[in-house]
Amino acid sequence: MTTAERLALLLVEDDPVLGPLIAELLEADYAVRLAAHGQEGLHLGLTQPWDVMVIDRGLPMMDGISVITALRSKGISTPILILTALGDTREKVRGLDAGANDYVTKPFDAGELAARLRALTRTYSQPAGPVSIGTWELDPASRAVRSVYGDLVTLTAKEAEVLAALAAEPGRVFTRDDLLAAHFHPTDQPGVIDTYVHHLRRKISRTVIRTVHGIGYQIGDAS
């Protein structure tokens, strides 16, 4: 939802200096509502419509991972960017697996944050409809994958994003760099693509994604 042609952004940040500063930096393009702790952020996220959310990893009363997990469990599909001071790969994966769509590591450049938010709102402004993948169907909005036999798998936000990208162009072979540039953080390494392909194959089917040796990956014919 937009307010005076600005996108509605929920910012959940407890730092009394950084929170208002981020809000001020973004207010030219977004109608920003600042929440100072996790429980307030969860309440606002569940009760009001938002175009995008920015949630800090380390929050009082309820940490950012728990907030994101709770939002996704209630069917909230709004794109979420997580702010984290924890830069190691395991923490980044935890945030993405909880349902975040992207992350920025503190300290961050204001221009990078603005660019990541623009990319998120472009990508998710028009929710895609269901996509058929062999005997399965992916609903990108709910991140649910259902088979014709009644099986149901729920993906993380990033898993659903990668699978939807591959399925949208079934004749295309994507290189790791293609997927990395379009769907991951600039500092991520190509190996993160292999990790998500492994997760998707384990959850759905070994044939859901086909490896094209020496090139990359292509959507398969999951059965």
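Reader: What makes Asp63 a cap of the N-terminal end of H3?

Author: In this predicted model, a side-chain oxygen of Asp63 lies 2.9 Å from the backbone nitrogen of Ile65, at the N-terminal end of H3. A polar contact is a pair of N or O atoms within 3.5 Å, and the 2.9 Å between Asp63 and Ile65 falls within that limit.

Reader: Why is helix H3 called mostly covered?

Author: Buried means under 20% relative accessible area, and seven of the 10 residues of H3 (residues 64–73) are buried, so the helix is described as mostly covered. The buried residues are Gly64, Ile65, Val67, Ile68, Ala70, Leu71 and Arg72. What covers them includes helix H2 (38–47), strand E4 (52–56), strand E5 (80–84) and helix H4 (89–98). Just after H3, Gly75 takes a positive phi of about 85°.

Reader: How do you know whether Thr121 is buried or exposed?

Author: Thr121, whose place is in helix H5 (residues 110–124), has a relative accessible area of 14%. Buried means under 20%, and therefore Thr121 counts as buried.

Reader: Which residues lie around Thr121, leaving aside its neighbours within four places in sequence?

Author: With those neighbours left aside, Thr121 is in contact with Leu7, Tyr30 and Val52. In addition, a polar atom of the Thr121 side chain lies 3.1 Å from the backbone oxygen of Arg118.

Reader: Why are H6 and H8 called roughly perpendicular?

Author: Helix H6 (residues 157–168) and helix H8 (residues 191–203) pack at an angle of about 90°, with their axes 10 Å apart. Angles of 65 to 115 degrees count as roughly perpendicular, and H6 and H8 are therefore described in that way. Their contact is made by Lys158, Glu159, Val162 and Leu163 of H6, together with Tyr196, His199, Leu200 and Lys203 of H8. By character, the residues of this contact divide into four nonpolar, one polar and three charged.

Reader: What makes E11 and E12 the edge strands of their sheet?

Author: The sheet is an open one of three strands in the order E11-E13-E12, with antiparallel pairing. Strand E11 (174–175) and strand E12 (209–212) each pair on one side only, and they are the edge strands.

Reader: How do you know that E12 and E13 pair?

Author: Two strands pair if there are at least two bridges between them, and E12 and strand E13 (residues 216–219) are joined over four bridges in the antiparallel sense, so the condition is met. Arg210 stands opposite Gln218 in E13. Helix H8 lies across E12 and E13, running at about 140° to E12.

Methods. Residues are numbered from 1 along each chain as its sequence is written. This is a predicted model: local features need pLDDT of at least 70, side-chain atom pairs count only at pLDDT 80 or more; totals for chains, interfaces and linings use all residues. Side-chain values use heavy atoms; hydrogens and water are left out. Axes are lines fitted to C-alpha atoms, for helices over the stretch in contact, and angles run from 0 to 180 degrees between N-to-C directions. Helices (H or I, at least four residues) and strands (E, at least two) are DSSP runs, numbered from the N terminus. Angles under 35 degrees count as roughly parallel, over 145 as roughly antiparallel, 65 to 115 as roughly perpendicular and the rest as oblique. Contact means heavy atoms within 4.5 Å. Ala, Val, Leu, Ile, Met, Phe, Trp, Tyr, Cys and Pro count as nonpolar, Asp, Glu, Lys and Arg as charged, and the others, Gly among them, as polar. Buried means under 20% relative accessible area, exposed over 50%, partly exposed in between (1.4 Å probe, protein chains only). A polar contact is a pair of N or O atoms within 3.5 Å; within protein, one must be able to donate a hydrogen and the other to accept it, and residues adjacent in sequence count only if both atoms are side-chain atoms.
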